[in-house]
Amino acid sequence: MNKIDEILRTLEKSYPSTRTALRHTNPFQLLIATILSAQSTDILVNRVTPALFKKFPSPDRLANATIEEIESLISSVNFFHNKARYLQQSSQQIVSRHKGVVPNTMEELTALSGVARKTANVVLSQAFNINIGVVVDTHVARISRRLGLTKEVKPTAIEKDLMKIIPQDQWKAFSSRIILHGRSVCKAINPLCGKCALKRICPSAHLQKKEQDSS
């Protein structure tokens, strides 16, 4: 078994589900929640979206909302002023360009306000089951480097490296499970290497153990 296969199988065993933690019932809700999740936690986003979706359940309703109305519902989310504008503008674009239906291509999604490649990848993989690329958030970036899968720093470069070595049908699963692993075990500060199911094949875990043994 090669390294990638072992990583994928180990992650599958540890984290059977590949569903995003962002609560949603349709592509529009997932798009909105993902825009809100930038530099905010999923837990926080899940607290504000029920009221937001209840008041503005569709692109046309949110497109016609005022910035003040949107801000009042998302004010606890980081950078809510900018995000309120993104939500309004992207909803207006969905209505005017796509007849109120969230598009399912990378080009069309990234043309919406507030939607970069990472957000588009989340929507495509989670809402449409389309694997165009690999979602690279802070967890995926950090753990991919720790596992020796990339030496890159920029998300787009990391994504290219991962797409070369991970089978396309596993892109969604890899990202989803790595994100869960980053939240629970492979944390940015004080990673729990001793409890990590991937420690046998992780260069960072070996380095940490070596440093502990020599101290």
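1. The side chain of Asn 2 lies 3.2 Å from the backbone nitrogen of Ile 4 and 2.7 Å from the backbone nitrogen of Asp 5. Both are polar contacts, that is, pairs of N or O atoms within 3.5 Å; within protein, one atom must be able to donate a hydrogen and the other to accept it, and residues adjacent in sequence count only if both atoms are side-chain atoms. Asn 2 belongs to the segment before α1 (3-14). Its relative accessibility of 44% makes Asn 2 partly exposed, the class between buried (under 20% relative accessible area) and exposed (over 50%), with a 1.4 Å probe and protein chains only.

2. This is a predicted model, in which local features need pLDDT of at least 70 and side-chain atom pairs count only at pLDDT 80 or more, while totals for chains, interfaces and linings use all residues. Residues are numbered from 1 along each chain as its sequence is written, and side-chain values use heavy atoms, leaving out hydrogens and water.

3. Helix α2 covers residues 27-37, and 10 of its 11 residues are buried. Helices here are DSSP runs (H or I, at least four residues), numbered from the N terminus. Among the buried residues of α2 are Phe 28, Leu 31, Ile 32 and Leu 36. The elements covering them include α3 (42-55), α4 (59-63), α5 (67-74), α6 (80-98) and α8 (117-127).

4. The two ends of α2 may be taken together. At the N-terminal end, Asn 26 acts as a cap, with a side-chain oxygen 3.1 Å from the backbone nitrogen of Phe 28. Just after the helix, Gln 39 adopts a positive phi of about 60°.

5. Helix α11 (residues 171-184) has 14 residues, and its end C-alpha atoms are 20 Å apart, in agreement with the 20 Å expected at 1.5 Å a residue. The expected span is 1.5 Å times one less than the number of residues. Because 11 of the 14 residues are buried, α11 is largely enclosed by the rest of the structure. Trp 171, Phe 174 and Ile 178 are among those buried, and the covering elements include α1, α8, α9 (138-146) and α10 (155-165).

6. The axes of α9 and α11 come within 8 Å and cross at roughly 85°; the two helices are therefore roughly perpendicular (65 to 115 degrees). Residues including His 139 and Ile 143 of α9 meet residues of α11, among them Phe 174 and His 181, contact meaning heavy atoms within 4.5 Å. The residues of this contact comprise five nonpolar, five polar and two charged.

Terms used: Axes are lines fitted to C-alpha atoms, for helices over the stretch in contact, and angles run from 0 to 180 degrees between N-to-C directions. Angles under 35 degrees count as roughly parallel, over 145 as roughly antiparallel, 65 to 115 as roughly perpendicular and the rest as oblique. Ala, Val, Leu, Ile, Met, Phe, Trp, Tyr, Cys and Pro count as nonpolar, Asp, Glu, Lys and Arg as charged, and the others, Gly among them, as polar.
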